[in-house]
Amino acid sequence: MEEKKKPRYFEEALSDFTHDVASGRAIRHLVDLGYTTPQIMQRLDYPTPRGRVEQTVYRYMKEQGILLSELPETQEKRKLFVVKKRTPEALTRCLRKRIDINGEENSYISCPFGTIYRDRETRMQKLLAPLTAREQEYILGIPWEMQVMYHRLTNRMVEIGVQLALYSDMEFQFYFLKSNEVLML
C-alpha cells in the first residue's frame, strides 16, 4: 500500500521560523546597511544557502519598498525631461537635486536585469561591465523578477545608475514620484 504524502505545513513553518531566528534578522539588518548578498553570507553566524539569503534579501527589499514590480499609478501624465550633460558629476548632481525634492522613498531607477539575467549571461556581463566588482555583486545578488523592476535611488543605486545610464547600451530611466517626473538621457 502506497503511503500518502502528508502536507508539510508544520515542517515549512518551523524551517521559516528557524531561518528567521538564525539568519533572517541579521540579513535584513545587513540589507539596511547596504551589504551585497556575498557580504551578507560572510557575516552570518549560521550557515545559510545562497538561495535562501537571496530570497530573504528580495522579500525584505519588496516589503520595504526598495524594490517595486510596478510604479504607483498616477492620474497625471509623467513629465519627461532629458539630461544633455553626460558627465557622471552632472548626472549625479541632477539626480541628487531631484532626490532632495522628492525624497529617497519617492525616487526610483528602472532595472531591466530580470529581462536578461537568467538566460543571457554574456549580455549581463557586458551590461554590468562599467560597474565595480562590488556594484556588480550587488546587482547579481538580487533575484530579479523576469520583468523591468524599479529600485529606490539609495546612495548605492545612484552610483550604479549613473554608471549604467552613461556607459551601457541599455536605456535606464529615473522616476521621481512626488514631482511626477521621468529623467532620460
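What pLDDT does the protein average, and what share of the residues score at least 70? The protein averages a pLDDT of 86 (the predictor's confidence in each residue, from 0 to 100), and 86% of the residues score at least 70.

This is a predicted model, in which local features need pLDDT of at least 70 and side-chain atom pairs count only at pLDDT 80 or more, while totals for chains, interfaces and linings use all residues. Residues are numbered from 1 along each chain as its sequence is written, and side-chain values use heavy atoms, without hydrogens and water.

Confidence varies by element. Helices (H or I, at least four residues) and strands (E, at least two) are DSSP runs, numbered from the N terminus.

| Element | Mean pLDDT | Rank among the elements |
|---|---|---|
| α1 | 69 | lowest |
| β4 (residues 149–152) | 97 | highest |

Where pLDDT is low, the predicted coordinates should not be read in detail.

Next, two helices. α7 and α8 pack at an angle of about 105°. Their axes (lines fitted to C-alpha atoms over the stretch in contact, with angles from 0 to 180 degrees between N-to-C directions) lie 11 Å apart. That makes α7 roughly perpendicular to α8 (65 to 115 degrees). R134, E135, Y138 and I139 of α7 make the contact (heavy atoms within 4.5 Å) with R156, M157, E159 and I160 of α8. The contact residues divide into four nonpolar (Ala, Val, Leu, Ile, Met, Phe, Trp, Tyr, Cys and Pro), no polar and four charged (Asp, Glu, Lys and Arg).

Technical notes: Angles under 35 degrees count as roughly parallel, over 145 as roughly antiparallel, 65 to 115 as roughly perpendicular and the rest as oblique.
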